[in-house]
Amino acid sequence: MNAGGNLDQAYEDGNALGGPLSEIFAVDLTAAVSRCAGCGATGPMARLRVYDRAPGLVARCPDCGRVVLRLVRGPDTAWLDLQGASSLAIPLGPPS
């Protein structure tokens, strides 16, 4: 068993975060490069394993299983927890 506990349940890849995060941010964050605070692994957010059976979305590092991101949306508020990411590099493209 890895550090994340029982991760044998079905999950989606990090692309499942694209729609929900686009409601909050003006850029597509699935291409952003995150660094796991647990193991230091880096990669695009689309690589994260996203679980949606909780109240909201939980994205885990595919290497160590640690929670990198939590997103919960209410009627008027969204809560985004990035405590498990030590950094997030967001590609902005050329200035317009």
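**View 1. The largest nonpolar core brings together 17 residues.** In this predicted model, the core residues with the most contacts inside that set are Leu17, Leu21, Met45 and Leu69. Two elements, strand E5 (56–60) and strand E6 (67–73), give two or more residues to this core. E6 supplies the largest share, three residues. As background for this view, nonpolar side chains in soluble globular proteins tend to be buried together.

**View 2. Leucine 21 and its contacts.** Here we zoom in on one of the core residues with the most contacts. Which residues does leucine 21 touch, leaving aside its neighbours within four places in sequence? They are Leu29, Met45, Leu69, Leu71 and Leu80. Of these partners, Met45 and Leu69 are themselves listed with Leu17 and Leu21 as having the most contacts inside the core.

**View 3. The open sheet of five strands.** Follow the strands across this sheet and you will meet them in the order E1-E4-E5-E6-E7, with antiparallel pairing. E1 and E7 are the edge strands, each pairing on one side only. For orientation, the strands of a sheet pair through backbone hydrogen bonds, either parallel or antiparallel.

**View 4. The hairpin of E5 and E6.** These two strands pair in the antiparallel sense, and four bridges link them. Look for leucine 57, which stands opposite leucine 71 in E6. Leucine 71 is also one of the residues in contact with leucine 21. Between the two strands of the hairpin lie six residues, and in the turn glycine 65 has a positive phi of about 85°.

**View 5. From E6 on to E7.** A second hairpin carries the chain from E6 to E7 through four residues. Strand E7 (residues 78–81) runs antiparallel to E6, and four bridges join the pair. One pairing to pick out is that of valine 72, whose bridge partner in E7 is tryptophan 79. E7 is an edge strand of its sheet, pairing on one side only.

**View 6. E1 beside E4, at the other edge strand.** How many bridges link E1 and strand E4 (residues 49–54)? The two strands pair over two bridges, in the antiparallel sense. Glutamate 12 finds its bridge partner in E4 at valine 50.

**View 7. Tyrosine 11, in the segment before strand E1 (12–13).** Is this tyrosine buried or exposed? Tyrosine 11 is partly exposed because its relative accessible area is 37%, a value between the 20% and 50% cut-offs. Not counting residues up to four places away in sequence, tyrosine 11 touches Arg49, Val50 and Tyr51. The side chains of tyrosine 11 and arginine 49 are joined by a polar contact of 3.1 Å. Although tyrosine 11 and tyrosine 51 are 40 residues apart along the chain, 5.1 Å separates their C-alpha atoms.

**View 8. The open sheet of three strands.** This sheet has the order E3-E2-E8, again with antiparallel pairing. Its edge strands are strand E3 (42–44) and strand E8 (85–89), each pairing on one side only. From one strand to the next, the twist averages 25°. Strand E2 (residues 33–36) pairs with E8 over four bridges in the antiparallel sense. To find your bearings along this pair, start at serine 34, whose bridge partner in E8 is leucine 88.

Definitions and conventions:
Residues numbered from 1 in each chain as written. Predicted model: local features only at pLDDT ≥ 70, side-chain atom pairs only at ≥ 80, totals over all residues. Heavy atoms only, no water. Buried < 20%, exposed > 50% of the residue type's maximum accessible area, 1.4 Å probe, protein only. Contact = heavy atoms within 4.5 Å. Polar contact = N/O pair within 3.5 Å; in protein donor to acceptor, adjacent residues only side chain to side chain. Core = buried A, V, L, I, M, F, W, Y, C linked by side-chain atoms within 4.5 Å. Pairing = 2+ DSSP bridges. Axes fitted to C-alpha atoms, helices over the stretch in contact; angles between N-to-C directions.
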